[in-house]
Amino acid sequence: MERDVRQGTFPIQGPSNGQRMVEMLVELTDAELIRRCQENDSSAVNELYRRYREKVYRIACRIVLDHDDALDVTQDVFIHVLKGIAAFRFQSSFSTWVTRVTVNVSIDWIRKRRRMKSVAFQPVELDGVETVAVKNDQAERVHDAFKLLDPEQRSCIILREIEGASYQEIADALGCSIGTVRSRIHRARGHLKRILKDVMVE
Amino acid sequence: MRITCLFVRSRIERFVDEELSSRASESIRSHVARCSSCKEEVRSLYALRRAVERLRVPRHDDGFWDEQWRAIVAKAGAPGLRLRRLRTAGATARRAIFAGSLAAAAILVVAGAVLITAPDRQQAQSSTYVPYIDFHVSTIDQQVLMGDHFSNAQYVSVSYNGQ
């Protein structure tokens with residue numbers, strides 16, 4: 001066998017077809033992957049999932065503020081993606097579309113949860129500030145402060161401060177104007193600054 | 001040009017978010033470097049960003065995500081099949097809508113036709129009496145003629161008035 005290899009007549013085992021395909025898919029752009037998805041290429045769908053699963057989960061986690069709920073939201077988002085990708089018309093980037101679906105599914109999830117609990121949304125009040133201030137763990141306090149924001153403000157501030165999206169990208173993702181985005185971010189910052197004053201000093 | 005704190009405050013968030021033009025950013029940066037209260041405002045916005053970044057998101061390994069993907073595929077159906085099925089479902093829905101509108105249009109046409117032809121049918125129904133009338137008239141005609149009370153011209157007038 002060694003002789004065959006040296007003579008070049010024995011087939012040297014390289015990467016499998018599957019591996020080569022994965023390597024090839026990694027190099028494709030989102031748009032190319034979507035076109036493949038539209039031709040019923042399931043490995044392209046898998047690659048899109050691999051690229052966006054953590055981003056979707058990250059955004060969902062910070063909007064719904066519950067890790068288990070965020071996993072359910074992530075599943076729902078990708079079910080939406082599977083359903084909608086055949087009709088995707090490239091009018092926006094895939095990233096913008098996924099972000100929009102994530103934000104919408106997350107906000108729907110919060111509203112559904114509220115209806116189930118039959119608790120109406122309570123806007124930020126000073127009582128909430130005191131409750132939050134008692135907690136020691138900073139991350140937990142930030143978490144509780146976010147709970148006091150309405151879902152739209154929460155979505156805007158997360159996309160801006162954590163995902164680093166521009167106002168235009170947020171407006172595209174949320175389907176609203178830049179002015180609305182700016183005012184939501186401004187109000188969210190105002191509330192958070194009041195609530196997290198001591199956390200911000202440290 | 002010297003700018004005021006009021007001017008800076010109205011743009012300070014956009015400055016921190018890098019949403020201003022480079023010229024506007026530069027003028028605000030130079031003001032912030034001199035003004036302690038505006039500098040404090042910028043500092044608080046960056047501090048808030050750092051605080052927001054403390055929101056924890058657990059990290060998961062590839063195995064966990066693969067498991068999630070299997071659950072997603074199980075809920076939505078196999079990806080390839082799902083896309084085909086969705087296209088078919090869309091076509092079926094379009095066909096159903098088309099068939100429904102066709103049926104509705106057919107019902108409207110039939111209803112319209114019924115309404116339009118109703119007076120004609122009434123007329124047609126009345127025209128069925130004509131032979132009877134004719135027969136009746138002819139009977140009267142015979143009676144009248146036999147009785148010899150009226151002339152033919154008078155009979156015609158009387159019998160039609162009677163109808």
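## A residue in a loop

Where is the place of A:Phe90 in chain A? A:Phe90 sits in the loop between α5 (67-84) and α6 (94-117) of chain A. Keep in mind that this is a predicted model.

A:Phe90 is worth a look for its backbone. Most residues other than glycine have a negative phi. A:Phe90 is not a glycine, yet its phi is positive, at about 60°. As for its surroundings, A:Phe90 counts as partly exposed, because its relative accessibility is 33%, which falls between the 20% limit for buried and the 50% limit for exposed.

## One side of α3 in chain A

Next up is helix α3 of chain A, which covers residues 30-38. Its buried residues are A:Asp30, A:Leu33, A:Ile34, A:Cys37 and A:Gln38. Why do they lie on the same side of α3(A)? They cover an arc of only 140° around the axis, and that puts them on the same side of the helix. The spacing rule behind this is a general one: an α-helix has 3.6 residues a turn, so residues three or four places apart point the same way.

A:Arg35 also belongs to helix α3 of chain A. With a relative accessible area of 44%, A:Arg35 is partly exposed. Follow the chain for 53 residues from A:Arg35 and you get to A:Phe88; the C-alpha atoms of these two are separated by 9.2 Å. After α3(A) comes A:Asn40, where phi is positive, near 65°.

## A buried threonine in α5

Is A:Thr74 buried or exposed? A:Thr74 is buried, as its relative accessible area is 1%. You'll find A:Thr74 in helix α5 of chain A.

Which residues does A:Thr74 touch, leaving aside its neighbours within four places in sequence? In chain A, the contacts of A:Thr74 are A:Arg53, A:Val56, A:Tyr57 and A:Ala60, and from chain B comes B:Trp65.

## Chain B at a glance

Now for the other chain. Chain B has eight helices and zero strands, so reading from the N terminus on, you meet α-α-α-α-α-α-α-α. Chain B is 163 residues long, and 24% of them count as buried. Take the contacts in chain B between residues at least 6 apart in sequence: 50% of them join residues at least 24 apart.

## Early residues of chain B

B:Arg9 is part of helix α1 (residues 5-9) of chain B. Its relative accessible area of 36% makes B:Arg9 partly exposed. Setting aside neighbours within four places in sequence, B:Arg9 is in contact with B:Ser37, B:Cys38 and B:Glu41. There's also B:Val42, 33 residues from B:Arg9 along the chain, with 9.5 Å between their C-alpha atoms.

A bit further on is B:Glu18, in the loop between α2 (12-16) and α3 of chain B. B:Glu18 is another residue other than glycine with a positive phi, this one near 55°. B:Glu18 counts as exposed, because its relative accessibility is 69%, over the 50% limit.

## How α3 and α4 of chain B meet

Two packed helices are described by the angle between their axes and the distance between the axes. How do α3 (residues 22-34) and α4 (residues 36-52) of chain B pack? Their angle is about 110°, and their axes are 6 Å apart. That angle makes α3(B) roughly perpendicular to α4(B). The crossing of the two is left-handed.

On the α3(B) side, the contact is made by B:His31, B:Val32, B:Ala33 and B:Arg34, and on the α4(B) side by B:Ser36, B:Cys38, B:Lys39 and B:Val42. Sorted by class, the contact of α3(B) with α4(B) has four nonpolar, two polar and two charged residues.

## Where chain A meets α4 of chain B

Helix α4(B) also packs with a helix of the other chain, α11 (residues 178-195) of chain A. Here the angle is about 85° and the axes are 11 Å apart. That makes α11(A) roughly perpendicular to α4(B).

Which residues meet in this pair? From α11(A) come A:Arg189, A:Leu192 and A:Lys193, and from α4(B) come B:Glu41, B:Ser44, B:Leu45, B:Leu48, B:Arg49 and B:Val52. The contact of α11(A) with α4(B) is made up of four nonpolar, one polar and four charged residues. One of the residues here, B:Glu41, is also in contact with B:Arg9.

Definitions and conventions. Residues numbered from 1 in each chain as written. Chains lettered and ligands numbered in written order. Predicted model: local features only at pLDDT ≥ 70, side-chain atom pairs only at ≥ 80, totals over all residues. Heavy atoms only, no water. Buried < 20%, exposed > 50% of the residue type's maximum accessible area, 1.4 Å probe, protein only. Helix = DSSP H or I, 4+ residues; strand = E, 2+ residues; numbered from the N terminus. Arc of directions from axis to C-beta. Axes fitted to C-alpha atoms, helices over the stretch in contact; angles between N-to-C directions. Parallel < 35°, antiparallel > 145°, perpendicular 65-115°, else oblique. Left-handed = near helix turned anticlockwise from the far one by under 90°. Contact = heavy atoms within 4.5 Å. Nonpolar A, V, L, I, M, F, W, Y, C, P; charged D, E, K, R; others polar.
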